[in-house]
Amino acid sequence: MKIPNTFGLDVEAAVFLEYDSVEELERLIAAGYITSPYLHIGGGSNLLFTDDYKGVILHSRIEGIEVLTEDDENVTVRVGAGVVWDDFVAYCVEHKWYGAENLSLIPGEVGASAVQNIGAYGVEVKDLISSVETVNSQGVRHVYSVDECGYAYRDSIFKRPEMKQVFVTHVCFRLSKQKRYTLDYGAIRQELEKYPVVELGILRQVIIRIRESKLPDPKVLGNAGSFFMNPVVSREVFEALQGQYPQMPFYELDTDKIKIPAGWLIEQCGWKGKSMGAAAVHDKQALVLVNRGGATGADIVALSDAIRASVLEKFGIEIHPEVNFI
Ligand code: EPU
C-alpha cells in the first residue's frame, strides 16, 4: 500500500491501517494488529521517507467537530484527529470563531497539528489548544491539558521517541467569539489595506494569498512546507553576524534568544532555485525543498545535507530539518 506523502515520494508500507473511531483503534490494538515497527502518520505533509516502510503505518480517519462549551466570549470545540486542518480553519471562520485564521491553508490534519505545534503569521496552534485526547499502544486513554504538552517552537512532548506509542485521537480548541486578530507579521497589514474593513473571511483570504505566493501547492510540486526550522542564536552570535550582514532579518524572542530566518541564510548561500538532480530549492522561498518529479527520499536528503554544510561554512550556524526523516 502506497504511503500518502506531500513530497510525492513513491513509497510503500508493508501494512497500512486506518480507523474512524477511538473504539475501532482500541479493537485494532486488542486484536494485536499494531506490531513493531509501527508509525502513526497524519496527512504525510511533514514526513520524508528515505525508503519503503517495513512495518505498520497507522492513520486516523476520526472526523467530527463538536461544540463542548460556549458562552458570549469563547467556544470550546472537540475535533477528530483525522479532520483536514484547513477544513477546520474554514469551519471556524464560517462560524465567526476567532483564532485559527492565520493558520489557513497549512497542509495536514488536526491530530498532527497538535503534535507538531504548527504555526504561521504570528500564531501557533498551542495558543488555541485546551487539551489533547490520546490512546496509547496498550489501549489506555489519556487526556493531556495544554500545559502538559510541553509546547515550544514546532515541538511538543508528542515528538519524543518514547511518545511514539501515544496516538492523538481528538484535539480540543478554545476559540474566541469576540473580534481578535493577529496582524503584526510580515506583509499582513499591508495586504489588508487593500480592503475597506478587516473581517475574518478577508483575513483568511489574505493569509491564503500570502502563502500561495511563496509556498508551492503539493499537488503540483511535491514539498513538505518549510524543510528546516529557523535557528535560534545567542545575542553575542547574532551581533557578530549582524555586523557582517546588516540587512539580515531577525526576530527577538527574548534578550538572549534571536531567531534568524533559515530561508534568508540559504538564499545568501546561493541555493534559491538550485537543483540537485530531481530535488530542488523552491525559487520563491528558499526554506522549501521540492520534488521536481521522480526524486527519491535519498535525493532530498543529499540536497538537505549540502545546504546544511553551506550554511554552516558561511555563517557558522547549524540548521536542522523541521521535516521528520523516516
Ligand atoms: N527570506 C529570504 N529568502 C527566502 C525566504 C525567506 O530572505 O528565500 C526572508 C524573508 O524575506 C523574511 C524572512 O526570511 O524576512 C522570513 O520569511 P517568511 O515570512 O517567508 O517565513 P519563514 O521564517 O521562512 C516561517 C515558518 C512557516 C510560516 C512562515 C510565516 C518555520 C520553519 N517556518 O517561515 O511555516 O508559514 O514563517 O509565519 O518556522 C512550515 O512550518 O512548514 C511553514 C511553512
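In this predicted model, K96 counts as partly exposed, with a relative accessibility of 43%. K96 is placed in the loop between α2 and α3, and its backbone adopts a positive phi of about 60 degrees although the residue is not a glycine. A positive phi also occurs at Y121, where the angle is near 50 degrees in a residue other than glycine. Y121 belongs to the loop between β7 and β8 (123–124) and, at 12% relative accessibility, counts as buried. Because the limit for burial is under 20% relative accessible area, with partly exposed residues between that value and 50%, Y121 at 12% falls in the buried class, whereas K96 at 43% is assigned to the partly exposed one. Most residues other than glycine have a negative phi, and most peptide bonds are trans. A cis peptide bond is found from S36 to P37, with omega near -5 degrees. P37 is located in the loop between α1 (22–30) and β2 (38–41).

Y121 also takes part in the surroundings of the ligand. Of the 25 residues around the ligand, Y121, Y153, Y185, E267 and A286 come nearest. A polar backbone atom of Y121 is 2.6 Å from an oxygen atom of the ligand. Another contact involves the backbone of S226, a polar atom of which is 2.8 Å from a ligand oxygen. R154 contributes through its side chain, with a polar atom 2.9 Å from an oxygen atom of the ligand. The ligand taken alone exposes 820 Å², and the protein buries 82% of that area. Two or more residues of the surrounding shell are given by each of the elements β7 (119–120), α5 (200–214), β12 (222–226) and α7 (262–268). The largest share, three residues, comes from α7. Classified by residue type, the shell around the ligand comprises 13 nonpolar, six polar and six charged residues.

E267, one of the residues that come nearest to the ligand, is also engaged in a salt bridge with K272, in which the closest N and O atoms are 3.1 Å apart. Both partners count as partly exposed, E267 at 36% relative accessibility and K272 at 30%. Elsewhere, K2, D10 and E12 are joined into one network by salt bridges that share partners.

Across the whole structure, a search finds 19 salt bridges. Among them is the pair formed by E133 and R78, whose closest N and O atoms are 2.8 Å apart. This pair links distant parts of the chain, since E133 lies in strand β9 (residues 129–136) and R78 in strand β6 (residues 74–80), 55 residues apart. The two partners fall into separate accessibility classes: E133 is buried, with a relative accessible area of 15%, while R78 counts as partly exposed at 21%. A further salt bridge joins the side chains of E124 and K126, with an N to O distance of 3.7 Å. Here E124 counts as buried at 19% relative accessibility, and K126 as partly exposed at 30%.

The strands β6 and β9, which hold the R78 and E133 pair, also contribute to the nonpolar interior. The largest nonpolar core has 45 residues, and those with the most contacts inside it are W85, F88, V132, F158, F173 and L175. At least two residues of this core are supplied by each of β6, α2 (85–94), α3 (110–116), β9, β11 (166–176), α4 (188–192) and α5. With six residues, α5 provides the largest share of the core. Helix α5 is also among the elements that give two or more residues to the shell around the ligand.

The loop between α5 and β12 contains D217. This residue is partly exposed, with a relative accessible area of 39%. A polar atom of the D217 side chain lies 2.9 Å from the backbone nitrogen of K219. The C-alpha atoms of D217 and L103 are separated by 16 Å, the two residues being 114 residues apart along the chain.

How values were computed
Residues are numbered from 1 along each chain as its sequence is written. This is a predicted model: local features need pLDDT of at least 70, side-chain atom pairs count only at pLDDT 80 or more; totals for chains, interfaces and linings use all residues. Side-chain values use heavy atoms; hydrogens and water are left out. A residue is near a molecule or strand if one of its heavy atoms lies within 4 Å of it. A polar contact is a pair of N or O atoms within 3.5 Å; within protein, one must be able to donate a hydrogen and the other to accept it, and residues adjacent in sequence count only if both atoms are side-chain atoms. Accessible areas come from the Shrake-Rupley method with a 1.4 Å probe; for residues, only the protein chains shown count as cover. Helices (H or I, at least four residues) and strands (E, at least two) are DSSP runs, numbered from the N terminus. Ala, Val, Leu, Ile, Met, Phe, Trp, Tyr, Cys and Pro count as nonpolar, Asp, Glu, Lys and Arg as charged, and the others, Gly among them, as polar. A salt bridge is a side-chain nitrogen of Lys or Arg within 4 Å of a carboxyl oxygen of Asp or Glu. Buried means under 20% relative accessible area, exposed over 50%, partly exposed in between (1.4 Å probe, protein chains only). A nonpolar core is a set of buried Ala, Val, Leu, Ile, Met, Phe, Trp, Tyr and Cys residues joined through side-chain atoms within 4.5 Å.
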